[in-house]
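Here is my note on the structure you sent over. I have kept it to numbered points, so you can follow along with the model open beside you.

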Amino acid sequence: MSILHPIDWIVIAAYFGLILGIVLWVMKKQKKTSDGYFLAGRELGWFIIGASIFASNIGSEHLVGLASSGATDGVAMAHYELHAWCLLVLGWVMVPFYMRSRVFTMPEFLERRFSPTSRTVLSVISLVAYILTKIAVGIFAGGIVFSVLLPDLNLWGLDSFWVGSFLVVVITGLYTIAGGMKAVAYTEAIQTVILIIGSALVTFFGLQALGGWSELRAIVPSDMFNLWKPIVPAGMESTWAPIREPGVMAWYFNDNYPWIGMLICAPVIGLWYWCTDQYIVQRVLTAPNETEARRGSIAAAFFKLLPVFIFIIPGIICYALAISGKMPGFNELLIGADGKIIRDNAQQAFPLMVANVLPIGIRGIVVAGLLAALMSSLAGAFNACATLFTIDFYQRLKPGISQERLVWVGRIATGVMVIIGLLWIPVIRGGRGLYDYLQGMQSYLAPPIFVVFFFGVFNKRLNAKGCLWALTTGFILGLFRLAVDTPVKLMKGFQYDTGSFLWIVNNIFFQYYSMIILVVSAIVMVVVSYMSEAPDYQKISGLTYATKTEEDKRKTRASWTTSDVVLSGLVVVLILAAYLYFVG
């Protein structure tokens, strides 16, 4: 039985009508070239860019996974959401290099800086990452939402989870394939507005049902409002030995987001994601110039401050409603016999709030917001995958191919990625939680990419051999951890022998393992580069700080004003205020 009223369905239908209208309008104006299809003709303004970045980021892992994390771990994951400052690094540090190079993809930039081989390796890593994270997680979250909102839906022998997964994929895939990057960007701008309004209403009505913010603070343990978790859980003895038993734990086994991991590892993941990942940076590349690209990044930074309050807080409210007994059915579903929240069920926190807290009509707006987030996240992944495969692989194999053929190949590539993503869903279902799965996966793949981009921009001496060895070494280390983790997630009851090497690897907190990959990749890149020949500095002119020309410097300085600096400073002040408030 659906929890949606006919009025809610009318609101949802209006949303889809709006999306359809935008796609049809874009298709009429679309240039039938690779530049027009993959980068919207490089003519988007700063607001569309900023909103598109935000909508692409705020997808399934936030609506389903981040609220779930709020219900189980409080504001611990807010560290990732307060990485709005990383968008300032994108706008002020990396954008000038990207805009000067006029590239389509991040691997293409790596080719300009290092070598064609580096480009190929990063393209492979990126495609694997999108299949294992954005596409698979987006499909999975669509199923979670439908299983809560339409629990009795059953078609062709498939339950509501699988029906929802397929519907989200098909609808999103159709408008992405038809309209290209411009359709994705414009629909994401509309989706951002719907998403923010809808999610804010969940927070508002949730607090109203609970009795207000002060009641929330009174019901929920103060630790859930503390960003800075201890290196080992309270009451546990820390040890260097690989032990996990009552009263004592190896500090590197603590998976409750200890402060040292959040302080050191999380920013590395953030800088990789916001400053070097095709999925995000492709939106910046659609700008006509440095000014619009930077301002789009600043606008996205302001949007990025919101998830703490419109996703994490609703998760905490859901937990408070469960333990207080103020919402019938929440306690039985979310709280186990031991009085602790059931992590698997916590993934339903946000849809539960939508289904039970919101009034008729408002519920339709929020469901539209849910669908908007799911679709925008998937649309971004589809378009990024199509761009990477078509530009970095197919076009290089067929250099004389027509523009129309390139667009057609990109559409076929998208369909293949969707099928592979569907096959990976069972692994996600076995994980600790949607957001945990995503952060763990990204933590294994991000460090070597972070190293080659940022080290490459700041140190002109680093060369193609160092880049290739760093990427390959880091990728192998990440795949090794994934290979160790997957049987535990996929096979019920599977465990490694306690104390064995693989048991230790599997139990190391993913952020700490990520730091191992980071350090090894950095050492490999520096050592290999300095043991081999220096790069040709003429070929990398304008691609590092040390090789910028005076003309490059002049153009960059002319691209920003005092207001850009002031607004960037305001983002930093707001982030610091959040860190000072959420201390328990």
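**Notes on the fold and its salt bridges**

1. Let me start with a charged residue: Arg 119 counts as buried, because its relative accessibility is 6% and the cut-off for buried is under 20%. Please keep in mind that this is a predicted model. The partner of Arg 119 is Asp 392, and their side chains meet in a salt bridge at 2.7 Å, N to O. This pair links distant parts of the chain, with Arg 119 in helix α8 (residues 116–149) and Asp 392 in helix α18, 273 residues apart. Asp 392 is buried as well, at a relative accessible area of 1%. Have a look at Glu 111 too, since a network of salt bridges links Glu 111, Arg 119 and Asp 392.

2. Now the wider view. The protein has 584 residues, and 60% of them count as buried. You will find 25 helices and three strands in it. Taking contacts between residues at least 6 apart in sequence, 82% join residues at least 24 apart. The protein exposes about 21,500 Å², and carbon and sulfur atoms supply 68% of that area.

3. How many salt bridges does the structure hold? There are 13. One of them joins the side chains of Lys 304 and Glu 81, at 2.4 Å from N to O. Lys 304 belongs to helix α13 (residues 290–304) and Glu 81 to helix α5 (residues 78–81), so this salt bridge ties together parts that are 223 residues apart in sequence. Both Lys 304 and Glu 81 are buried.

4. Another salt bridge worth a look is formed by Lys 465 and Glu 533, whose closest N and O atoms are 3.6 Å apart. Here the linked parts are helix α21 (residues 464–490), which holds Lys 465, and the loop between α23 and α24 (550–558), which holds Glu 533; the two residues are 68 apart. Are these two buried or partly exposed? Lys 465 counts as partly exposed, at 44% relative accessibility, and Glu 533 counts as partly exposed at 47%.

5. On to the nonpolar interior. The largest nonpolar core has 169 residues, and those with the most contacts inside it are Leu 90, Met 94, Tyr 98, Leu 216, Phe 330 and Phe 453. Helix α18 (residues 362–397) gives the most to this core, with 14 residues. If you centre your view on Met 94, you can pick out its contacts with Val 89, Cys 275, Phe 453, Phe 454 and Val 457, leaving out residues up to four places away in sequence.

6. Gln 511 deserves a point of its own. This residue lies in helix α23 (residues 510–530) and is buried, with a relative accessible area of 0%. What does Gln 511 contact, leaving aside its neighbours within four places in sequence? The residues are Tyr 80, Tyr 257, Pro 258, Gly 261, Met 262, Cys 265 and Ala 266.

7. Finally, the surface. In soluble globular proteins, nonpolar side chains tend to be buried together. Set beside that, please note a nonpolar surface patch of about 350 Å², made by Trp 408, Ile 412, Val 416 and Ile 420. Val 416 is found in helix α19 (residues 403–429). With a relative accessible area of 43%, Val 416 is partly exposed, and it therefore passes the accessibility cut-off for patch residues, which is over 30%.

Terms used. Residues numbered from 1 in each chain as written. Predicted model: local features only at pLDDT ≥ 70, side-chain atom pairs only at ≥ 80, totals over all residues. Heavy atoms only, no water. Patch = residues over 30% accessible without salt bridge, like charges linked within 9 Å, V, L, I, M, F, W, Y side chains within 5 Å. Areas by Shrake-Rupley, 256 points an atom, 1.4 Å probe, with all protein chains shown as cover. Salt bridge = Lys/Arg side-chain N within 4 Å of Asp/Glu carboxyl O. Helix = DSSP H or I, 4+ residues; strand = E, 2+ residues; numbered from the N terminus. Buried < 20%, exposed > 50% of the residue type's maximum accessible area, 1.4 Å probe, protein only. Core = buried A, V, L, I, M, F, W, Y, C linked by side-chain atoms within 4.5 Å. Contact = heavy atoms within 4.5 Å.
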